[in-house]
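Please open the model in a viewer and keep the selection panel at hand. The tour below proceeds by selections, each followed by a description of what is found there.

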Amino acid sequence: MDEGSPRTPVIEMRGVSKRFGSTQALEGVSLELYGGEIHALLGENGAGKSTLIKVMTGVVQPDAGEVRIDGAVASIGSALDAQRLGIAAIYQEPMIFPDLSVAENVFISHRDRGRFVHRRQMQADARKVLARLGVRLELDQPARGLTLAEQQTLEIAKALSLDVRVLIMDEPTASLSAHEVRRLFRIVHALREAGVAVLFISHRMEEVFEIADRVTVLRDGRRIRTAPRGEVTTASAIRDMVGRTMDDFFHRTPASPGEVVLQVKDLARETAFSGISFDLRAGEVLGFAGLVGARRTDVGLALFGIAPAQAGQVALDGRPVTIRSPQDALRLGIAYTTEDRHALGLVLPMSVAANISLPSLARYLGPLGLVRFSDEAATARRYRDRLRIRTSSIQAPAEALSGGNQQKVVLSKWLNTRPRVLILDEPTRGIDVGAKADVHQMIDELAREGMAIILISSDLPEVVAMSDRVLVMREGRQMGILDRSQATQERILAAAMGQDERPGPPDAATAAGTLGGVAS
Amino acid sequence: MASEPAAPVASRDRGAAMGLLARLRSWEGLLLGLLVLIVLWNATSVSGYLDPRNQINLLTLSQEKIIVVLAMAFVIIGGEIDLSVASVMALAAVLIASLYEGGTPMELAVLIALGAGLLAGLNNAFWVAVVGLPSLAVTLAGLIGYRGLARLFIEDRSIGGFPGWFTAITRDAVLGPLSLSLLLFLVLLVVAAVLLHLTGFGRTVYVVGNSRDVARFSGVRVTRLKAALFVMSGFIAALGGVLIASRLGAVRGSTAEGFELDIITIVLFGGVSIFGGRGTMIGVILSIFVILNLRNGLALANLTGNTQLGVIGLLLILSVLVPNLIATARGRLERRAGDRGAGTGQGPDPRRADSISGTASG
């Protein structure tokens with residue numbers, strides 16, 4: 001493409017760093033986007049893609065480094081600044097106002113159109129913008145009735161109406177059908193023709209190779225490589241993405257798993273996942289790996305009865321069971337720790353002790369349903385000591401604890417139900433290194449005691465280090481189960497991106513070919 | 001932190017709800033101070049105000065309201081609201097009156113009225129807990145519907161002439177200066193405080209009020225709990241209806257009209273969060289006394305009913321506003337601290353841990 005041309009990039013980041021607590025989200029990342037370029041950004045979960053987007057859109061302020069627009073240093077202090085500079089982002093889930101009309105949605109961000117709404121003028125302008133995208137939408141229709149793909153188009157139109165120069169597309173194709181993806185790509189190409197710089201983020205390799213002019217890979221908050229599409233292969237990209245440092249990872253005590261505890265066969269839930277089958281043995285840790293949108297959590301929620309499966313069989317100790325509610329799961333000895341501690345895991349204003357006893361409260365009730373506070377406190381102290389929960393008191397509200405200690409309270413709460421099967425959903429996300437090590441040690445101990453554990457984690461090194469076997473999911477389907485010996489980061493990631501199964505659909509390949517011809 | 005000596009046994013009586021108490025201690029302290037102030041003020045203008053019989057008299061005149069306050073506290077802490085209570089009170093009172101007038105024995109009429117309260121509560125429970133409609137809308141419909149039903153029975157008449165034993169329930173002192181109904185209120189008050197703060201049921205009310213989702217993800221039967229709250233509310237409201245019929249000795253279609261607002265006001269002013277999950281029985285009790293004495297004082301100062309309403313409305317706004325402003329300010333401070341890199345945090349936040357150990361050791 002225009003490599004080496006003296007053109008100034010529309011937006012350029014130089015040495016951008018950002019730290020959240022103990023996590024270095026970005027470290028000296030530099031990235032240049034040129035007008036009329038489609039630039040793909042690759043990286044596994046937590047590589048820093050989201051933070052980079054947030055820096056570009058003014059949501060997050062970098063600790064170090066600078067952002068240049070047209071070669072001049074710019075400060076993007078807010079979303080409004082980003083809008084003024086012509087930077088816009090669209091996400092997997094479009095952010096539209098369902099009760100406003102299509103035309104009103106297009107101009108929702110405009111602040112310079114005077115005090116009153118000029119309906120006719122707005123309609124005409126909206127029509128113009130949509131025509132540029134080559135799409136037709138009923139302007140008076142409320143946005144509520146639009147399909148997801150149409151809503152996305154609407155978001156792009158919204159960006160265009162603001163004279164967008166940099167358009168960030170974060171997993172825009174994740175929920176689209178093949179046909180809708182084609183239409184979206186036509187729009188993206190139109191944007192490129194119009195000189196817009198497009199930053200395209202997708203976990204679908206074939207899409208990246210079809211549409212991108214250049215590819216940048218991030219890993220651990222660092223830029224690993226930027227190269228023209230022609231110089232990148234799927235294999236080389238995956239190699240760049242994995243290989244995260246395995247620092248300080250816990251090493252599992254080797255153990256031989258016991259009897260099969262949980263048998264799952266062809267489990268399915270409409271629009272979420274299908275064909276999930278696995279055996280889980282006592283004392284075994286089965287990792288669930290996959291990229292964002294792989295629907296691993298949905299499988300966990302199905303087994304816990306929050307969003308029950310609609311098809312397939314589940315057997316516990318060889319006996320078929322049905323799990324229609326969390327109460328069913330609890331009775332059967334299945335526990336699930338949620339990835340969202342704050343919204344789903346803890347009653348934040350309540351004490352540590354009350355949180356721990358919550359799912360097993362019936363055990364702490366005496367005559368007349370009175371809570372036996374001393375028993376409850378004794379249990380809480382036991383878990384505080386065992387899991388090293390750092391809290392001023394077991395009567396302190398859960399919200400006073402740090403993330404890692406909150407996570408330990410969540411773990412305690414479920415361990416205290418004495419489960420046979422423990423489903424851990426992202427148990428170490430967002431917690432500090434020390435707490436993380438404690439959680440890993442806990443998992444190892446529990447497995448040695450014979451608990452059957454499902455470990456859903458987006459942290460690849462963690463999955464590899466902690467699991468006996470790894471089940472890889474991609475977009476709601478099971479891509480395979482890898483034994484400990486096969487479960488390398490590269491193989492897991494390749495499976496999670498669908499690379500083991502098919503090298504890319506033929507239509508995508510031909511499309512890429514023709515486009516390549518036009519582009520060169 | 002971890003070196004904290006094994007928590008003293010005293011912590012036994014400090015459950016989760018008690019932990020909340022520590023947080024709200026300032027609000028309850030405020031109420032107590034306010035109460036003392038109002039009582040003293042009234043005492044300076046009226047001699048004999050401090051006579052305990054005066055307080056009992058105040059309670060007697062509002063007994064049907066304050067008994068419903070107890071149930072309303074559970075409903076609001078559970079994250080819901082029941083606007084239909086006053087209409088259920090009217091329905092129960094009207095049923096008693098018209099059944100008795102039609103020849104039904106009074107005892108049976110009372111039982112039927114209480115049963116009607118249960119049914120009204122079940123109806124609310126079905127739409128809120130099972131169907132999942134907002135309680136504000138469902139019980140607003142109840143407010144209109146049950147009142148309409150009551151008016152259908154009684155039309156524009158006033159029915160009285162109840163048997164002596166029935167009116168005696170609320171009028172005749174049986175134990176010292178206390179009537180049977182006031183004794184019942186005191187018993188229910190203790191039951192409510194124990195139920196809310198010391199039982200598994202009460203614990204679950206707080207959990208559901210704080211977060212339905214956390215409750216669901218913890219295996220709590222949210223539907224059943226919410227249903228229980230509305231059935232309880234309906235039943236107690238019917239009991240309130242029985243009491244008002246007894247105390248007034250006559251029932252009309254407009255009986256207990258507007259009481260729901262007084263009842264909810266008392267609960268909220270007692271420090272119960274309108275968003276659910278927070279509040280204590282102690283606060284609610286204090287609030288009962290503050291509001292009754294305040295009203296009494298305003299009446300003694302010859303202020304009209306409208307002025308009284310205005311003053312109480314102002315207090316209510318303050319009671320909702322002040323805790324929210326504090327929470328907002330605190331949230332903003334924390335977010336600012338969070339931006340400085342405490343996002344994921346290492347170790348407990350010393351600032352908060354200290355303040356908590358400070359109150360916990362007290």
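## The four-stranded sheet of chain A

Begin by selecting β2, β1, β4 and β5 of chain A, which form an open, antiparallel sheet of four strands in the order β2-β1-β4-β5. The model is a predicted one. The edges of this sheet are occupied by β2 (23-33) and β5 (72-74) of chain A; each has a single partner strand, so one side of each is left without a neighbour in the sheet. From one strand to the next, the twist averages 35°.

Now restrict the selection to residues 64-69 of chain A, which make up β4(A), together with β5(A): these strands pair in the antiparallel sense over three bridges. Within this pair, display Arg68(A), which stands opposite Val73(A) in β5(A).

## The six-stranded sheet of chain A

Next, select β6, β7, β8, β3, β9 and β10 of chain A. They form an open sheet with mixed pairing, and the order across it is β6-β7-β8-β3-β9-β10. β6 (87-90) and β10 (222-228) of chain A are the edge strands, each pairing on one side only. Neighbouring strands of this sheet are turned by 20° against each other on average, with direction ignored.

Inside this sheet, pick out residues 38-42 and 197-201 of chain A, the strands β3(A) and β8(A), which pair in the parallel sense over four bridges. Ile38(A) has Val198(A) in β8(A) as its bridge partner. Adding residues 234-241 of chain A brings in helix α8(A), which packs on the sheet and touches β3, β9 (214-219) and β10 of chain A. The direction of α8(A) makes about 30° with that of β9(A).

Then select residues 148-161 of chain A. This is helix α5(A), which lies across β6 and β7 (166-170) of chain A and runs at about 175° to β6(A).

## Helix α9 of chain A and its surroundings

Move to Arg295(A), in the loop between β13 (285-289) and α9 (296-304) of chain A. Phi of Arg295(A) is near 70°, a positive value in a residue other than glycine. Is Arg295(A) buried or exposed? Arg295(A) is buried, with 23 other C-beta atoms within 10 Å.

Continue into the helix itself. Nine of the nine residues of α9(A) are buried, so this helix is largely enclosed by the rest of the structure. Among the buried residues to display are Arg296(A), Asp298(A), Leu301(A) and Phe304(A). Following α9(A) is Gly305(A), with a positive phi near 85°.

For another positive phi, select Leu368(A), where the angle is about 65° although the residue is not a glycine. Leu368(A) is located in the loop between α12 (352-357) and α13 (373-386) of chain A. Leu368(A) is exposed, with 11 other C-beta atoms within 10 Å.

## A helix pair in chain B

Finally, turn to chain B and select residues 200-210 and 222-248, which are helices α9(B) and α11(B). Their axes come within 11 Å and cross at roughly 105°, which means that α9(B) is roughly perpendicular to α11(B). To view the contact, display Thr204(B), Val205(B) and Val208(B) in α9(B), which meet Val222(B), Leu225(B) and Lys226(B) in α11(B). The residues of this contact divide into four nonpolar, one polar and one charged.

Key: Residues are numbered from 1 along each chain as its sequence is written. Chains are lettered from A and ligands numbered from 1 in the order in which they are written. This is a predicted model: local features need pLDDT of at least 70, side-chain atom pairs count only at pLDDT 80 or more; totals for chains, interfaces and linings use all residues. Helices (H or I, at least four residues) and strands (E, at least two) are DSSP runs, numbered from the N terminus. A residue is buried if 20 or more other C-beta atoms lie within 10 Å of its own, exposed if 12 or fewer, and partly exposed in between; C-beta atoms are placed from the backbone. Two strands pair if DSSP finds at least two bridges between them. Axes are lines fitted to C-alpha atoms, for helices over the stretch in contact, and angles run from 0 to 180 degrees between N-to-C directions. Two residues are in contact if their C-beta atoms, placed from the backbone, lie within 7 Å. Angles under 35 degrees count as roughly parallel, over 145 as roughly antiparallel, 65 to 115 as roughly perpendicular and the rest as oblique. Ala, Val, Leu, Ile, Met, Phe, Trp, Tyr, Cys and Pro count as nonpolar, Asp, Glu, Lys and Arg as charged, and the others, Gly among them, as polar.
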